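Please work through the fold of this chain by question and answer, beginning with its secondary structure and ending with single helices.

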Amino acid sequence: MAAALLNSPLSISTQNPKKTLGIPLQDFPLLNPRLSRFDRRKLISSPFSFSSLILSNRNGVLNRLQSVSGGHVSAIPVESKNYEFSDGDADVELRLDISKLDIMSPSDIFVDMDETSLLVRVKASGTLITLMEANCLFERIKPSETIWYIDEDQLVVNLKKCDRDLKWPDVMESWESLTKGILQLLKGTSIYIVGDSTEINEKVGSELATGIGYIPFSTSDLLERYAQQSIESWVVSDGADSVAEAEGSILQSLSSVVATLGGEHGAARTHDKWRYLHAGFTVWLSISEAADEASAKEEARRHVQDGRLAYSNADIVMKLGGWEPDQSRVVAQACLSALKQLTLSDKQLTGKKSLYVRLGCRGDWPDIKPPGWDPSSGVDPPES
C-alpha cells in the first residue's frame, strides 16, 4: 500500500502556518557524501553523568579540544535564584544581598573561581556561609581579571568573559539559560536527532524543540499519517528499504527540530541518506553497554573512527547509560550544552551549514568549497 502512494505529494506544515510544503515522495537519486577522515567536530558524552569532550581531527590526529564535566550541570530553577545578574559587552556582573549578614570586614569575604566555576562564601557571626556555588558557569571566564567589591548592602562580583561576543542569559549553565542562550549560536540552523530508538529520538526532540521555541517534527508521525498505516505494517508490506527511502525523501523539506526513525528502516541508518541531514546539526543518541564512563567514551571513539555505522556522520555523539521517559529533559539539556560547545569551538560552522543548504545540499559535506570563500577567514560565506 505504502509503495503505491510514493508518487503523490505530501503536504507538511512549516513554521509559517500559511505555507505548506509540497514534497514529491517518488524516488530520486541521492549523492553519496564525501566522508572525511573524522573531519567533523564531535562531542562524546558518557552515561547520564554527561561528562563530555569535543574532539576534532587535525592532520589525521584525534585531538582533545575541551572537557566539561556534565556532573556539574545546574538544575537550579529560575525562581530559586538569590542574586541579580547582568551581562555587559566584556563582562558579567553578579550582585548578592548581604544586608542581613553580620560581615565585619572585607577579609570575611572569600571569592574563589576558575575558568568554569565560581564559589562565593562569607564569614558571618563566626560561621562560614556559602552565598553562591556555580559549578558550571554559562561559559568560560578569565579568573585573573575577576574583581569584587561591596556596594552598600550588596556584594558585587565582576567576571571577565573569554568570549565577549557571547551573551549570557544567566551566570550558570542550566536548562533555562541554555534554552535562551543557544539561539544566538544556532542562528536558525536545524537539529536532527538520530539513533536506533525512535522513542528516544522523539522524546528528546520534542523536549528540545519546546525548550528553544522550535516546532518539533517526527518523521515517524508524518509518514504514518501520510501512509495511513503504522511504520511496522509498512515494513511488513513493503520492506524496511521502502520506509527508509520515504523518510529520506521528506528530510529534504523538513527543518526545525526533527526526530528521525530508529532501527533498520530509518534513513539515518545508511550513509547515502545523509545528504539532507548534513544541512543541520545532528545528534546521535546511543544506548551504551559500557560498564563505566571511560569505557563509554572509548566505545564512542571506536564508532566514530570506524565509520561503518552511518550514525558516525553525526556532529554530536551522546552515549546514554540507560533510558527512562522522564529523563528526556536531562538528555536534552546535555544536547544543548554539547551544541553550545560545538558552535563556540567553530564559529564558522553555522555559516557553512547555511551555505551547504543554499548550494542545494549537494552531498559534498563537509568539503564544500565555494569560489572566493575561506572558512578560516572569519568572513561569512558568499550568497549563492
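Q: How many helices and strands does the secondary structure of the chain come to?
A: This is a predicted model, in which local features need pLDDT of at least 70, side-chain atom pairs count only at pLDDT 80 or more, and totals for chains, interfaces and linings use all residues. Residues are numbered from 1 along each chain as its sequence is written, and side-chain values use heavy atoms, with hydrogens and water left out. Helices (H or I, at least four residues) and strands (E, at least two) are DSSP runs numbered from the N terminus, and the chain has nine helices and 17 strands.

Q: What percentage of the residues of the chain count as buried?
A: Buried means under 20% relative accessible area, exposed over 50%, and partly exposed in between, with a 1.4 Å probe and protein chains only. Of the 384 residues of the chain, the share that counts as buried is 50%.

Q: Which helix gives the most to the largest nonpolar core?
A: A nonpolar core is a set of buried Ala, Val, Leu, Ile, Met, Phe, Trp, Tyr and Cys residues joined through side-chain atoms within 4.5 Å. The largest one has 88 residues, and those touching the most other members include Leu-118, Ile-191 and Leu-285. With nine residues, the element that gives the most to this core is helix H8 (residues 328-345).

Q: Where is Glu-207 placed, and is Glu-207 buried or exposed?
A: Glu-207 has its place in helix H3 (residues 198-212). Taking contact as heavy atoms within 4.5 Å, and leaving out residues up to four places away in sequence, Glu-207 touches Trp-175, Ser-328, Arg-329 and Ala-332. Because its relative accessibility is 17%, Glu-207 counts as buried.

Q: What phi does Gly-213 take just after H3?
A: H3 has 15 residues and reaches 21 Å from its first C-alpha to its last, close to the 21 Å expected at 1.5 Å a residue, where the expected span is 1.5 Å times one less than the number of residues. Just after H3, Gly-213 takes a phi that is positive, at about 80°.

Q: What arc around the axis do the buried residues of H7 cover?
A: The 14 residues of helix H7 (residues 293-306) should span 20 Å at 1.5 Å a residue, and this agrees with its end C-alpha atoms, which are 20 Å apart. In H7, Ala-296, Lys-297, Glu-299, Ala-300 and Val-304 are buried. They lie on the same side of H7 because the arc, taken from the directions from the helix axis to the C-beta atoms, is only 155°.
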